[in-house]
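Trainee: Could you take me closely through one part of this model? Please start with the word I need first, then show me how the part fits with the rest.

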Amino acid sequence: MAGFLGYRCSVCDTHYGPDEATYTCPKDGGNLDVVLDYDHIRDSVTLNDIETSNDHSIWRYLPLLPVDDPGHIGTVLRAVGWTPLLAPFMLREKLDLPHLWLKDDGRNPTASFKDRASAVVVARAQQVGAEVAITASTGNAGAALAGMAAAVGLPAVILAPKSAPPAKVAQLLIFGAKVFLVDGTYDDAFDLSLQAAQEFGWYCRNTGYNPFTAEGKKTAAFEICEQFSVATNDSDGKRWQVPDAVFVSVGDGNIISGLHKGFKDLKELGWIERLPRLFGVQSTG
Ligand SMILES: [Zn+2]
């Protein structure tokens, strides 16, 4: 939190202080990137501090996150991240890719990568004193918010398109979220959630809108570099390793931009020497 300087608009490059913006650029609606004080972070934490942390979750990277420690109330938040980097031997052989690794984020508390974003967003919501959190979602992001919010006793409202898979809606309800099925597409649910957030003063988690989602997602990049340095066994334990390429599934692009932010943070800090190539992968249609 001490290293949180504010935001920078990805469109017009305007800088905003931590209290001068909330979601998007007030001038042009562009997405905001969180700006960190790399000098401060470099002075206050070392790679060794992180490597020897007993916290096996995204919170081992707290000095690089723009939120405060969620504290004892955040027990479930503390179960997010530090997912395994797996060596899929049969798949390596089948694809003839001997150095293929898989990061299994299905191990997160609500079973998806979205927990990373929701844990950081909920920590932020607590900091700003939010009374209700809202998001539009077709499934995983909503489940992640519902689960993380329930963990800290924060009421959650999820707007899902009517076509959302029933199993996902059930997961939202199990976590005690208030669910509204919107007669329309995800985009309609998105627009409606912005209106509701504005009208009722609720804290909005929407992906591609709330800058703290990417800050949560970037933790996967930190883990990849830290775990990869151990897995590949060609490091002295002090220098984190960067894979040649990272393949990531892409919807609206928030995960891949979050990963990019994570690798960029590490490079700015001088903790890695280069960025990996990032590939976005989408299913046909
Ligand atoms: Zn702007």
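Mentor: A residue is buried if 20 or more other C-beta atoms lie within 10 Å of its own. It is exposed if 12 or fewer do, and partly exposed in between. Keep in mind that this is a predicted model.

Let us start with strand S6, residues 133-136. Which of its faces are covered? Both are. Ala133 and Thr135 lie on one side, Ile134 and Ala136 lie on the other, and all of them are buried. In a regular strand the side chains alternate between the two faces of the sheet. S6 has a partner, strand S7, residues 156-161. The two pair in the parallel sense, over 4 bridges. One place to look is Ala136, whose bridge partner in S7 is Leu159.

Now set strand S11, residues 277-281, beside that picture. How many of its 5 residues are buried? The number is 0, so S11 lies largely in the open. S11 still has a partner. It is joined to strand S10, residues 245-249, by 5 bridges, and the two run parallel. Within this pair, Val248 stands opposite Gly280 of S11.

Next, look at an antiparallel sheet. It is open, has 3 strands, and follows the order S2-S1-S3. Strands S2 (15-16) and S3 (32-36) stand at the edges. Each has a single partner strand, so one side of each is left without a neighbour in the sheet. S1, residues 4-9, is joined to S2 by 2 bridges and to S3 by 5 bridges. Find Arg8. Its bridge partner in S2 is His15, and its bridge partner in S3 is Asp33. S3 also shows two kinds of face. Leu32, Val34 and Leu36 make up the covered face, while Asp33 and Val35 make up the uncovered one.

Now the helices. Two packed helices are described by the angle between their axes and the distance between the axes. Take H5 (residues 140-151) and H6 (residues 166-174). They pack at an angle of about 15 degrees, with axes 8 Å apart. An angle under 35 degrees counts as roughly parallel, so H5 is roughly parallel to H6. The crossing is left-handed. Gly142, Ala143 and Ala146 of H5 meet Lys168, Gln171 and Leu172 of H6.

H5 also packs against H4, residues 114-127. Their axes come within 8 Å and cross at roughly 45 degrees. That makes H4 oblique to H5. This crossing is right-handed. On the H4 side, the contact is made by Lys114, Asp115, Ala117, Ser118, Ala119 and Val122. On the H5 side, it is made by Asn140, Ala141, Ala144, Leu145, Met148 and Ala149.

Pause at Ala119, which is found in H4. Buried or exposed? Ala119 counts as buried because it has 34 C-beta neighbours inside 10 Å. Leave aside its neighbours within four places in sequence. Ala119 is then in contact with Ile58, Leu77, Val80, Met148 and Gly216. Ala119 and Leu154 are 35 residues apart in sequence, with their C-alpha atoms 12 Å apart in space.

Finish with helix H10, residues 254-268. How far apart are its end C-alpha atoms? They are 21 Å apart. The expected span is 1.5 Å times one less than the number of residues. For the 15 residues of H10 that gives 21 Å, so the two values agree. Of these 15 residues, 11 are buried, so H10 is largely enclosed by the rest of the structure. Among the buried ones are Ile255, Ile256, Leu259, Phe263 and Leu266. After H10 comes Gly270, whose phi is positive, near 80 degrees.

Asn254 belongs to H10 as well. Asn254 is buried because 22 other C-beta atoms lie within 10 Å. Not counting residues up to four places away in sequence, Asn254 touches Thr207, Gly208, Thr213, Ala214 and Lys217. Ala214 is 40 residues from Asn254 along the chain, yet their C-alpha atoms are separated by 6.3 Å.

Definitions and conventions. Residues numbered from 1 in each chain as written. Predicted model: local features only at pLDDT ≥ 70, side-chain atom pairs only at ≥ 80, totals over all residues. Pairing = 2+ DSSP bridges. Axes fitted to C-alpha atoms, helices over the stretch in contact; angles between N-to-C directions. Parallel < 35°, antiparallel > 145°, perpendicular 65-115°, else oblique. Left-handed = near helix turned anticlockwise from the far one by under 90°. Contact = placed C-beta atoms within 7 Å.
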